Amino acid sequence: MFKGKKRRLILAIESSCDETSVAVVEDGTKILSNIIASQINSHKRFGGVVPEVASRHHVEQIIGCMEEALVEAKVSVTDLGGVAVTYGPGLVGALLIGVTAAKSFAWANQLPLIPVNHMAGHIYAARFVDEFQFPVMALLVSGGHTELVYMKEHGSYEIIGETRDDAAGEAYDKVGRVLGLSYPSGKEIDEMAHLGADTYHFPRAMMKEDNFDFSFSGLKSSFINLVHNAEQRGETLIPVDLAASFQHSVVDVLTAKTIRACRDYQVNQLIIAGGVAANKGLREKMTEDLAVQLPTVKLTIPPLNLCGDNAAMIGAAGFIEANKQHFARWDLNAKPSLTLA
Ligand code: KG4
Ligand code: ZN
C-alpha cells in the first residue's frame, strides 16, 4: 500500500458518535495530528446524544477537520498511503458522514480505503504507548460497550466476556442524571468519588461467578432506589459518598474479573481502553491489584486524551488492517451494530 511513498502515512476519520475527528498517523504508532471537534455542548441540554443533531454537526465539521489534520501534520495529499475510517459500531447517520467523506477523499486521490471497527480503534490507542506483547487481554469500557477481549496476535479478537445489560459508561451517565449532573457524567462522578467514601455498600454484581460477563443494571437500580426512598422519607444523602460507593462497586467488579481473565488466559499484557479507561479510580485499582496479583503482566492504559473517541486510534488500528491487506470496496456502508468478533 505504501509503495512509492517515502513515509507510511494514513489519514484516519472517526465520526461514530459525538466527536468529529481526523488524524494523520505514521507507521501506526506516531501521531502527526489528531483534530477533535466535540459536539458535547449541543447534546448536554438533551441529557444524551441526539442522533440527528450529531449527524448535522459531523457534516459541518468534517471537511474543516480533514484540512486541519493535513496542515497540522505538515503533509500533503500525495504523501498519504491510505484512508482509514470507522464504519461501525455507532450511530448510523453519524457513521455515514465519516464513511462518505473517506470514500470521496480516497476515490478522488486514488488511495486505498481501510475499514476500521471503532472498538478495535479504542484498543489500538494503547499502541501509541507500548508495543503489544501477545497474548493480550483488553478491557474495553465505553459508553456503549463493556467487553473483555483476548488477542493472540494483531487484528485478532475473541470476546471472552461482556455486559449482559448496561455498559459501564452508560451506568455512570444514568446515575449522573439522578445526581443532577450534566451528560456525560463519568468524569464528574470520578472526581466526586475521590472526595467521598464507600459508605452505602452497593452490590458487586457477578463478581464471584465463574464467567467473564458483567452486569451493571442491578447496581443502577439499587442506586436509584436508595435515592428515591431517601427523598420520600425526607432523608439527606451525601452526594460524594454516593459517587464513591457507586464507583467502588463498578471498579471492584471490573478489576477482579479482568485480573482473573488475565490469569486464566496467561496473557503478557493488559490493555484498558475506551472512555471509562479515563477513570482515575479504575486506573489506580487496576495498577495496584495487578502489581500484587500478577506482577509479570504489563499494564498499558492510553493517556486521558486518547481514551475518548479520536481518529488517531483509528489510524493505529487501520495500519494493522492495511498490513493484513484488508481494504474496503467503494460500496463500503456504515454498520451500526458491527462487532469485534
Ligand atoms: O469511548 P467513549 O468516548 O465513547 C463511546 O464510544 O461510548 O466513552 C464515553 C463514556 C461516557 O459514558 C462517559 O461518561 C465515560 O465514557 N467516561 C468516564 C470517565 N470519562 C468518560 N466514566 C468514568 N470515569 C471517567 N473519568
Ligand atoms: Zn468510543
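**View 1. Helices around ligand 1 in the predicted model.** Three helices each give at least two residues to the shell around ligand 1. They are helix H4 (118-124), helix H5 (168-178) and helix H6 (186-193). Two domains also meet the ligand: domain 1 (9-124 + 307-324) and domain 2 (132-301) each contribute at least three shell residues.

**View 2. The residues that surround ligand 1.** The shell holds 19 residues. Those that come nearest are His122, Gly143, Asp173, Gly275 and Asn279. Sorted by class, eleven shell residues are polar, four are charged and four are nonpolar.

**View 3. Polar atoms facing ligand 1.** His122 places a polar side-chain atom 3.1 Å from an oxygen atom of ligand 1. Gly186 uses its backbone instead: an N or O atom there lies 3.2 Å from an oxygen atom of the ligand. Asp190 pairs with a nitrogen atom of ligand 1, with a polar side-chain atom 3.2 Å away. On its own, ligand 1 has 550 Å² of accessible area, and the protein covers 85% of that area.

**View 4. The pocket that holds ligand 1.** Which pocket does ligand 1 take? The space taken by ligand 1 is the largest pocket. Both domain 1 and domain 2 supply residues to the shell around the ligand there.

**View 5. The cis bond before Pro89.** Most peptide bonds are trans. The bond that joins Gly88 and Pro89 is cis, with omega at about -10°. Pro89 sits in a loop. That loop runs between strand S4 (82-88) and helix H3 (92-108).

**View 6. The cis bond before Pro135.** Phe134 and Pro135 are also linked by a cis peptide bond. Here omega is near -5°. Where is Pro135 placed? Pro135 belongs to the loop between H4 and strand S6 (136-141). Helix H4 is also one of the helices that supply the ligand shell.

**View 7. Positive phi at Asp27.** Most residues other than glycine have a negative phi. Asp27 is not a glycine, yet its phi is positive, at about 60°. Which strands lie on either side of the loop that contains Asp27? They are strand S2 (19-26) and strand S3 (30-38).

Conventions: Residues numbered from 1 in each chain as written. Chains lettered and ligands numbered in written order. Predicted model: local features only at pLDDT ≥ 70, side-chain atom pairs only at ≥ 80, totals over all residues. Heavy atoms only, no water. Near = heavy atom within 4 Å. Polar contact = N/O pair within 3.5 Å; in protein donor to acceptor, adjacent residues only side chain to side chain. Areas by Shrake-Rupley, 256 points an atom, 1.4 Å probe, with all protein chains shown as cover. 1 Å grid on protein atoms, 1.4 Å probe; cavity = no way out; pocket = protein on both sides within 12 Å on 5 of 7 lines; lining within 4 Å. Sits in = over half its atoms within 2 Å of the grid points. Helix = DSSP H or I, 4+ residues; strand = E, 2+ residues; numbered from the N terminus. Nonpolar A, V, L, I, M, F, W, Y, C, P; charged D, E, K, R; others polar. Domains from an automatic or database assignment.
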